[in-house]
Amino acid sequence: MEQGWVKFFRSIIDWEWYDDANTFRMFFHLIVTANYETVSRKGRIIKRGQKLTTIRKLADELSIDEKTVQRCLRNLESTKEIKVE
């Protein structure tokens, strides 16, 4: 894991997904594991702020089931916090 830090404002407690533990955890996980510089992985260019992953891998990393991962990603995508490709 690379060193570094991310900054959250205290006002995050007012965010609509803050009280949904799995969705908040997913969002935080995606932020802290996103690329901090552009790299090439498996023949694809992954830009800064992006993450190449799968539903299964996210489920394993967060110890939650795949349906919960899908729900969390849908939640975050519905409010334009993330974009899934």
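**Note on helix packing, pocket and backbone in a predicted model**

1. Helices α1 and α2 are roughly perpendicular to each other. Their axes cross at roughly 105 degrees and come within 11 Å, and the class follows because angles of 65 to 115 degrees count as roughly perpendicular. The reader should keep in mind that this is a predicted model.

2. The contact of α1 with α2 can be followed residue by residue. On the α1 side stand R25, M26, H29 and L30, which meet L58, E61 and L62 of α2. By class, the residues of this contact are four nonpolar, one polar and two charged.

3. The next pair is α1 and α3. Helix α1 covers residues 21-33 and helix α3 covers residues 66-78; the two pack at an angle of about 75 degrees, and their axes are 9 Å apart. That angle makes α1 roughly perpendicular to α3. In general, the angle between the axes and the distance between the axes serve to describe two packed helices.

4. Which residues bring α1 and α3 together? From α1 come N22, T23, M26, F27 and L30, and from α3 come T68, V69, R71, C72, L73, N75 and L76. Seven residues of this contact are nonpolar, four are polar and one is charged. M26 and L30 of α1 appear here and also in the contact with α2.

5. The remaining pair is α2 and α3. Their axes cross at roughly 105 degrees and come within 9 Å, which makes α2 roughly perpendicular to α3. I55, R56, L58 and A59 of α2 meet E66, V69, Q70 and L73 of α3. The classes in this contact are five nonpolar, one polar and two charged residues. Some names recur: V69 and L73 of α3 also meet α1, and L58 of α2 also takes part in the contact with α1.

6. The largest pocket holds about 1,500 Å³ of space. It is lined by 37 residues, of which A34, N35, Q50, K51 and L52 are the closest to its centre. Two or more lining residues come from each of α1, β1 (39-41), β2 (44-46) and α2 (55-62).

7. Which element gives the most to the lining of the largest pocket? It is α1, with five residues. Over the whole lining, 18 residues are nonpolar, eight are polar and eleven are charged.

8. Two residues deserve a check of their backbone angles. S63 is not a glycine, yet its phi is positive, at about 55 degrees. This residue belongs to the loop between α2 and α3. S63 counts as exposed because its relative accessibility is 65%, and exposed means over 50%.

9. K80 is the other residue to check. Its phi is near 60 degrees, a positive value in a residue other than glycine. K80 is found in the segment after α3, and with a relative accessibility of 72% it counts as exposed.

10. Is V84 buried, partly exposed or exposed? Its relative accessibility is 41%, so V84 counts as partly exposed. V84 is placed in the segment after α3. Along the chain V84 and R25 are 59 residues apart, and 17 Å separates their C-alpha atoms. R25 is one of the α1 residues that meet α2.

Key:
Residues numbered from 1 in each chain as written. Predicted model: local features only at pLDDT ≥ 70, side-chain atom pairs only at ≥ 80, totals over all residues. Heavy atoms only, no water. Axes fitted to C-alpha atoms, helices over the stretch in contact; angles between N-to-C directions. Helix = DSSP H or I, 4+ residues; strand = E, 2+ residues; numbered from the N terminus. Parallel < 35°, antiparallel > 145°, perpendicular 65-115°, else oblique. Contact = heavy atoms within 4.5 Å. Nonpolar A, V, L, I, M, F, W, Y, C, P; charged D, E, K, R; others polar. Buried < 20%, exposed > 50% of the residue type's maximum accessible area, 1.4 Å probe, protein only. 1 Å grid on protein atoms, 1.4 Å probe; cavity = no way out; pocket = protein on both sides within 12 Å on 5 of 7 lines; lining within 4 Å. Points joined across faces, edges and corners; volume = space filled by probe spheres on them.
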